[in-house]
Amino acid sequence: MIDQRRRKVLAGLGALALVGSAAATPEEMAAAIKAFTGGTAPKQGRVTLDVATLVDNGNTVPVAVRVDSPMTAADHVAAIAIFNERNPETGVAVFTLGPRAGKAEVSTRIRMATSQKLVALARMSDGSCWMHSADVVVALAACIEGEA
């Protein structure tokens with residue numbers, strides 16, 4: 001009897017540890033971006049974030065990021081990152097590239113908890129950072145199953 005109660009309590013504590021906050025905040029996204037850029041203020045331009053502005057289903061949202069770069073040893077994209085402001089985690093993905101990548105272009109599918117802003121950043125080999133953002137409206141949210 002005691003073992004069963006103990007198991008239920010431990011299982012409950014484990015579930016609480018996994019839940020965390022339901023959604024990140026714009027402030028948390030800004031902090032994550034600052035960590036990625038190393039404090040360098042990102043500039044607008046060079047980055048193109050390709051995502052639909054209206055998404056029917058947040059469970060699988062196609063996202064592509066392209067960066068205008070010659071991708072030479074002297075001038076190339078070192079990393080591309082995607083951030084969002086209202087999912088449980090602000091960091092969606094980080095892709096590491098080098099001059100041998102040929103072109104600075106990545107794509108993936110993400111889950112979106114609700115309508116929110118996405119931000120794509122590129123960190124260049126010279127330390128500069130570039131960005132592009134997009135507001136996305138989600139008709140059917142993801143990431144929040146079971147919440148009231």
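Here is a short chat about a predicted model and the reasons behind some of its labels.

User: What makes Arg-46 and Asp-75 a salt bridge?

Analyst: The cut-off is a Lys or Arg side-chain nitrogen within 4 Å of an Asp or Glu carboxyl oxygen. Here the closest N and O atoms are 4.0 Å apart, so the pair counts under that rule. The total by this rule is one salt bridge.

User: Which parts does that pair tie together?

Analyst: Arg-46 sits in the loop between β1 (43-44) and β2 (47-50), and Asp-75 in the loop between β4 (61-67) and β5 (77-84), so the pair links parts 29 residues apart in sequence.

User: Why is Arg-46 called partly exposed?

Analyst: Buried means under 20% relative accessible area and exposed means over 50%, with partly exposed in between. Arg-46 has 27%, so it lands in the middle class. Asp-75 is also partly exposed, at 27%.

User: How do you know that the span of helix α2 agrees with what's expected?

Analyst: Take its twelve residues, 26-37, at 1.5 Å a residue: the helix should span 16 Å, and its end C-alpha atoms are 16 Å apart, so the two agree.

User: What makes you say the buried residues of α2 line one face?

Analyst: Those residues are Met-29, Ala-32, Ile-33, Phe-36 and Thr-37. Seen down the helix axis, they fall within an arc of 130°, so they line one face. In general, residues three or four places apart in an α-helix point the same way, because there are 3.6 residues a turn. On the other side of α2, Glu-27, Lys-34 and Ala-35 are exposed.

User: What do the buried residues of α2 pack against?

Analyst: Four strands: β5, β6 (91-96), β8 (116-124) and β9 (129-140).

User: Which residues touch the most other members of the largest nonpolar core?

Analyst: That core has 25 residues, and the ones in question are Leu-49, Val-51, Val-63, Val-65, Val-67, Val-77 and Leu-118. At least two core residues come from each of β2, β4, β5, β7 (105-110), β8 and β9. There's also a second, separate core of ten residues, including Phe-36, Ala-79, Leu-121 and Met-131.

User: Why does Thr-25 count as buried, exposed or partly exposed?

Analyst: Thr-25 has 30% relative accessibility, which lies between the 20% and 50% cut-offs, so it is partly exposed. You'll find Thr-25 in the loop between α1 (2-19) and α2. Leaving out residues up to four places away in sequence, Thr-25 touches Glu-85 and Thr-90.

Technical notes:
Residues are numbered from 1 along each chain as its sequence is written. This is a predicted model: local features need pLDDT of at least 70, side-chain atom pairs count only at pLDDT 80 or more; totals for chains, interfaces and linings use all residues. Side-chain values use heavy atoms; hydrogens and water are left out. Buried means under 20% relative accessible area, exposed over 50%, partly exposed in between (1.4 Å probe, protein chains only). The expected span of a helix is 1.5 Å times one less than its number of residues. The arc is that of the directions from the helix axis to the C-beta atoms. Contact means heavy atoms within 4.5 Å. A nonpolar core is a set of buried Ala, Val, Leu, Ile, Met, Phe, Trp, Tyr and Cys residues joined through side-chain atoms within 4.5 Å.
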